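Biologist: I'm new to this structure and would love a close look at one single part of it. Could you pick a strand and walk me through its surroundings?

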Amino acid sequence: MRAGDSAGAHRARRRQRLQALVLVAPFCLAYLVLFIYPTLKMLQLSFTSAPLIGDGAFVGLANYRRLLIDHLFQESVFHTGYFVLLTVLPTTLLGLAIALMVTRLRGWLQSLVLACFFLPYILPVTVVTLIWQWLLDLQFGIAQHAIRLFDGDGVAVFKNPAWAMPMVAFVTIWWTNGFNVLLFIAGLRNISPDYYDAASLDGAGRLQRFRHITWPLIWPVTALVLTIQLILQLKIFDQVYLLTQGGPFNSTYVLVQVIYRQAFVLNHGGYGATIAVVLFAIIAVLSVLQYQVLRVRDTP
Amino acid sequence: MNAKRLRSLAAAAVLAAMTLTSPAMAKTKIVWWDFLSGGDGVRMKALIQQFNAENPDIEIDGTTLEWGTPFYTKVQTSAAVGQGPDVMTYHLSRLPLGVSTGTLRPFSDAEMAAAGLSQSDYFPSDWAAAHVGGKLYAVPLDIHSIILYYNKDLLQKAGLLGADGLPKGLDGISHFNDALKALSGAGAQYGVSFATADGATIWRIFYTMLNQQGGTFLSDDKIMPGDSLAKAATATAAMANWVAQGWAPKQAEYPASIALFTSGKAAMHINGVWEVPTMVDLAKSHKLGFAWGAVQIPVLFDHAATWADSHSFAIPDRRGNPVPADKVAAVMKVISWVEQHSLLWANAGHIPAFRPVTDSEAFRKLEPNATYATLAKTAVFDPSSKIAGVASPVYDAANNFVLPAVNGQMAAGDAVKQMRDELQADLQ
Amino acid sequence: MRRLPDLLLTLLAVIAAALWAFPLYWAVVTTLKPEYEVVQPGIALLPKTWTIGAYVYVLGHTNIARWYLNSFATALAVTVLVVGMSACCGYAISQLRFPGRGVLYGLILASFMVPLQALIVTHFVLMNDFGLINSWGGVVLPQLIVPVVVIVYKQFFDQIPREFREAALVDGAGEFRLFAQVFLPMNWGVTTALAIITFIGAWNAFLWPFLVASTDQAMTVTVGIVQVHDSFGVQYARNLAGAVLAALPVAVAYLVFQRRVTEAVMLSAGIKG
């Protein structure tokens, strides 16, 4: 009796394992082939002098030493940081401000206004850059009317080292800000109206209510948005490649673009992989940071 | 219902894929990539159309990609993975670089002979530039260079136009500067316009002026050896001076620099011969508003010299998937046909590389090409090196160092030193 | 007394929203003008002459139909595969006990750390080994790594009360039936949301399709509109008409499934809407 029972349980367990295997197999296979293997291969390549396609000799740490004298790589680290600086904090604050505006509204007006702010986010990056290249066109762009208020002649913004990176950041914020707005709206909806009612009874003004209720209660979402944006913007490539190609005078060259240049333009697969390892390391460290922040959020 | 919709969508997709890829009967299809836009593009497309019409057994399927780095990156990567076109346009200046990355496949003597092409059909300089390590990797199509476009009305006003309708008094840098000053006073906003925001343009003028002083950019693996560095600084400083004096526009984009000339705001314009059609077409439709001409770049320093490059045809070395013999034969037919018809290509301002066309009566009468065709005698090609040519480290360096110096963002001496150091490192 | 500031704030929101969306309007309206009108000085908010010439030109002179097919096929494949694989995997991790379950989940969580941009070199090498450069498969495969979808599914399946599972098991249903007939239907909303956002993401992908699809025939529409140049000079209306066509499917998807899209965006950030 008991033996049969345990044999049944054993069979059931074995069956469950088999079923689990069938269910996880496709994902695991994809994960192994398309993720684990390429990651290990990237590490291996970084110690070789391989071209993009084909084998190379083992060169030890030569590629890593080369990072120390590679101006473009060093500048690109700096430029990537500059871009992060120009986007992360502004887009977070702007997202919060817009979310505060939108949550006040009701009904169809709210939907419409939200759609206006969100629509750019779902567009392909090439569409976004084509639109802004047209708006900012030196001769015929409508945005030049605004720029002429500051600079009488108008500015070829993506050809001017002072303007290029800030304008790439501006376009990026316009494109992706809708995402932050949504997160903040969700966060704001989770704040109980009771708090505001109580504050109103105490005669607190708009600003006071924001400072003492909204800001502290929305902080976890703010931290979330900040970290998501930080990691996202470190990976910038598309907008820079499409708007400035890294110019003028390499003033907008960013990390992913150096990987692209080394591996695909100059055919240095090994060195390209080395820079990829650096990007990987930077983002891994920051992700651990993000994870900590998220943990803080999950345990109120 | 969802699944049904999905299935019908998939079916439609398969059907569409099938119709799109179904082979045309008995036609050899040639995949062709080029980087030719503007007037060049219009003329090459016309040539392709004419070829397709006249040759029912071959169909050229052309794609135009973005000039410069994007084009050459695509070509190089595609070849490395065994893909890409059957034939493509290629700059001779980039040939050593292209061969060093294994992107190009040499032409055999037999293939050339079958196409009816031989060494005697080409200028020696072009023929030499089409070889790397003793092998022919490209069939030259043209020689193209930079020229000086000028506004006859404005030059007349400033007393710089000779009775023959050609400019006078432009030789020697100090005379040239005086002329720019005089032109700026004679109703032109700028004495000369050129694309001061375009690294390729800057390189062409820089290299011209360096060579006019007898300077060397690269020899024996040394970048700007000896007094060449000082000559490079002189060349850079000359351009920077034009911009600083307000004689040339600052940070002018390529199209803007042309517009400044065509709208009469700049009295002269330095640009490639490939912009000749722009002027011809504008003049024909009476939109130019002035009489124009074009001459070889004046001798600003010691002797005549002008930067030059060649468009050519090349076949990629598609690794593991070489262009099959029947396609090569068709490609050779295409190349030979285009060479024979390159008088139409000369309409785009270029000097055909194919001697039977260049020596023909029709070409000798073709204006304005005939006026500036003399430049071919003193043309200097980019250094033959795997760091030189279109979309090469040398072009990048011109963009990163000489260009800022021209626009007053860097001292000329520092710029050329930094350029030398960076390129010297690339050579190691 | 509160009325006036409230009204002003509402007005501010409306003006800000209008300004924010203006570039989109301006792009669309430009495509409906003839080229000569596009470059006229001044600001014309509406075309004087309405024309769809730019669209006709783009449809007739580029390979956009082919790019559309490539985009639809690859985005659809990415969506079906990602959602399918992730739902199965999420179900197993949530509901079944098997050795390596904890390790697997840990690995999936950890993979957030690896930027796919860093893998472009090795993905390219791998796709070449598979012979998939310039093919749908090559575009699709590296886009299949979206660990967040597994995590979202796991979280949703975790929330389904044990009783459902036990009742179904007593009725003699197997794991696969349980998954297909109980767990999935109970989360159709999540699946729709994830499918839409995955589709939009795949449609919009630039860097990878740009690297792997270098021929006119293989490009997706997102890449094609900026990579292939026709040779008729700068034609603003035509360029933008290509952009509008490229954006159309995702814009329509958003406008039709607005609620689902916003829900999906929050899901992907780890917030349950």
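Modeller: Happy to! In chain B of this predicted model, strand β1 (residues 28–34) runs parallel to strand β3 (residues 87–91), and 2 bridges join them. To find this spot on your screen, look for B:Trp33 in β1(B): the residue standing opposite, in β3(B), is B:Met88.

β1(B) has another partner as well, strand β2 (residues 58–64) of chain B. These two strands also pair in the parallel sense, here over 7 bridges. A handy landmark for this pairing is B:Val31, which faces B:Asp61 in β2(B).

How does the chain get from β1(B) to β2(B)? Helix α2 (residues 38–54) of chain B belongs to this part, and together β1(B), α2(B) and β2(B) form a β-α-β unit that is right-handed.

Now to the cover around our strand. Is β1(B) mostly covered or mostly open? Mostly covered: of its 7 residues, 5 are buried. Buried here means that at least 20 other C-beta atoms lie within 10 Å of the residue's own.

So you can picture β1(B) with β2(B) as a parallel partner over 7 bridges, β3(B) as a parallel partner through 2 bridges, and α2(B) as the helix of the right-handed unit. If you trace these pieces on the display, begin at B:Val31 and its opposite residue B:Asp61, then move on to B:Trp33 and B:Met88.

Note on methods
Residues numbered from 1 in each chain as written. Chains lettered and ligands numbered in written order. Predicted model: local features only at pLDDT ≥ 70, side-chain atom pairs only at ≥ 80, totals over all residues. Buried ≥ 20, exposed ≤ 12 C-beta atoms within 10 Å, placed from the backbone. Helix = DSSP H or I, 4+ residues; strand = E, 2+ residues; numbered from the N terminus. Pairing = 2+ DSSP bridges. Right-handed = clockwise from strand over helix to strand, strands pointing away.
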